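Colleague: I would like a close look at one part of this chain, namely its salt bridges, together with the strands and surroundings that go with them. Please take me through it in one connected account.

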Amino acid sequence: MEISKVSICFDIQCSFLSALPETTVTVNPNPVYPGETVTLTCSAGSYSDWSYKWYKDNSEISLSQYKYLNTRSTISRVTESDQGLYWCQGERRSRPTSSSISDAVTVTVNNYQPKTTLTSDKENIFTGDSVTLSCTVESSGWKFYWYRHRPDSTPVATTSEYSCTLSWVNVSDGGQYWCRAGRGDPVYYTLYSDPVQINITAGDVILESPVHPVAEGDSVTLTCCHFCWNNRTKAQLPPGSIVSISLPRLLCGLLVMSPFLLVSIVLTVKCCRARGLCSTVKSPQDQIPCDDVIEQDESSV
């Protein structure tokens with residue numbers, strides 16, 4: 001690299017390079033991908049009125065090849081041929097007329113389009129829950145775009161963070177979700193992620209209050225949880241939790257169960273009466289089996 005610097009010193013006395021203003025070059029983003037835009041920035045100390053020369057792989061870059069803006073050189077629609085070593089040097093009319101030559105920076109061009117990976121922090125989700133989706137991609141500097149139902153539709157959200165949280169979800173929030181990332185101006189997009197299916201189960205929301213009465217001024221902890229009639233959805237309840245059921249729900253349950261309770265009571269009473277009758281009959285042949293009484297009662301009911 002020192003040989004390369006000496007080869008472009010031209011009429012500058014290389015022995016005095018250390019006394020010249022220090023020059024630095026930065027690249028953003030790096031690494032880059034085919035079709036993306038990369039910006040190289042050159043800075044030469046505290047002096048003003050600098051113009052800059054750019055070099056790549058021991059050759060000066062023609063300004064006609066790149067968009068040149070003061071301290072910056074922007075390469076639009078990067079290709080693999082743009083990969084290489086870059087450095088710069090400042091020039092001005094007054095003294096000092098030149099800056100030092102910057103250290104070289106390697107611009108890496110990956111020969112593929114990156115793809116995002118979408119994951120969910122939950123598998124079984126109930127109404128009222130929250131779920132966090134995470135969209136990851138290699139390198140940095142991305143914004144994240146979130147899609148639902150169709151990946152080629154308008155994004156439902158855009159975030160600067162790689163995660164997106166859906167709070168207090170409803171059944172209608174279920175479906176397939178995608179994401180992709182983008183950066184730069186114009187925006188360079190990654191490939192879409194594979195879809196993630198979000199299934200949301202409807203569940204009753206129960207407000208748990210203290211079992212015992214509380215006095216005025218006491219602190220009260222209220223817990224909101226989900227409860228459904230089948231055991232499959234009776235999840236997320238800690239051991240020993242007390243579930244409150246409203247009076248309308250209780251009356252509804254009793255109304256549904258009352259016919260079965262009534263029939264059971266009638267059959268039990270008649271069976272007991274039959275057993276009492278059987279105890280007064282001396283002849284075993286005259287005894288009435290309880291099962292026969294139940295069958296007769298069932299036919300009469």
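Modeller: Aspartate 152 and arginine 150 make a salt bridge, with 3.2 Å between the closest N and O atoms. This comes from a predicted model, and that should be kept in mind for everything that follows. Aspartate 152 counts as exposed because its relative accessibility is 54%, where the cut-off for that class is over 50%. A search through the whole structure gives 5 salt bridges, and the pair of aspartate 152 and arginine 150 is one of them.

Another salt bridge brings together the side chains of glutamate 91 and lysine 53, at 2.9 Å from N to O. This pair links distant parts of the chain, since glutamate 91 belongs to strand E7 (residues 84–91) and lysine 53 to strand E3 (residues 51–56), with their positions 38 residues apart in sequence. Glutamate 91 is partly exposed, because its relative accessibility is 28%, and lysine 53 is likewise partly exposed, at 22%. As a general point, side chains of opposite charge can pair when their charged atoms come close.

Aspartate 57 and lysine 56 also meet through their side chains in a salt bridge, here at 3.3 Å from N to O. Which of the classes, buried or exposed, does lysine 56 fall into? Lysine 56 is buried, because its relative accessible area is 16% and the cut-off for buried is under 20%. Its partner in the salt bridge, aspartate 57, is partly exposed at 37% relative accessibility.

Strand E7, which holds glutamate 91, can be followed a little further. A hairpin of 6 residues leads from E7 to E8, and the two strands run antiparallel, joined by 2 bridges, with E8 covering residues 98–101. Within this pairing, glutamine 89 has isoleucine 101 of E8 as its bridge partner. In general, strands of a sheet pair through backbone hydrogen bonds, either parallel or antiparallel.

Elsewhere in the chain, an open sheet is formed by 3 strands in the order E10-E12-E15, with antiparallel pairing. Strand E10 (117–120) and strand E15 (163–166) stand at its edges, and each has a single partner strand, so one side of each is left without a neighbour in the sheet. On average, and with direction ignored, neighbouring strands of this sheet are turned by 20 degrees against each other. Strand E12 (residues 131–136) is joined to E15 by 4 bridges, the two running antiparallel, and threonine 132 has threonine 165 in E15 as its bridge partner.

For a buried position to set beside the salt bridges, consider threonine 190, which lies in the loop between strand E17 (188–189) and strand E18 (196–198). Threonine 190 counts as buried because its relative accessibility is 2%. Apart from its neighbours within four places in sequence, threonine 190 is in contact with Gln113, Pro114, Thr116, Val137, Trp142, Arg180 and Ala181. Between threonine 190 and lysine 115 the C-alpha to C-alpha distance is 5.4 Å, although the two are 75 residues apart in sequence.

The surface offers a position of the opposite kind. Leucine 222, in the loop between strand E20 (204–208) and strand E21 (223–227), is exposed, because its relative accessible area is 52%. Together with Val214 and Val220, Leu222 makes a nonpolar surface patch of about 260 Å².

To place these parts in the whole, the chain has 3 helices and 21 strands, and 32% of its 301 residues count as buried. About 19200 Å² of the chain is exposed, with carbon and sulfur atoms supplying 53% of that area. Of the contacts between residues at least 6 apart in sequence, 60% join residues at least 24 apart, and the salt bridge of glutamate 91 and lysine 53 likewise links residues that are 38 apart.

Notes:
Residues are numbered from 1 along each chain as its sequence is written. This is a predicted model: local features need pLDDT of at least 70, side-chain atom pairs count only at pLDDT 80 or more; totals for chains, interfaces and linings use all residues. Side-chain values use heavy atoms; hydrogens and water are left out. Buried means under 20% relative accessible area, exposed over 50%, partly exposed in between (1.4 Å probe, protein chains only). Contact means heavy atoms within 4.5 Å. Accessible areas come from the Shrake-Rupley method with a 1.4 Å probe; for residues, only the protein chains shown count as cover. Patches are made of residues with over 30% relative accessible area and no salt bridge: like charges are joined within 9 Å, nonpolar side chains (Val, Leu, Ile, Met, Phe, Trp, Tyr) within 5 Å. A salt bridge is a side-chain nitrogen of Lys or Arg within 4 Å of a carboxyl oxygen of Asp or Glu. Two strands pair if DSSP finds at least two bridges between them. Axes are lines fitted to C-alpha atoms, for helices over the stretch in contact, and angles run from 0 to 180 degrees between N-to-C directions.
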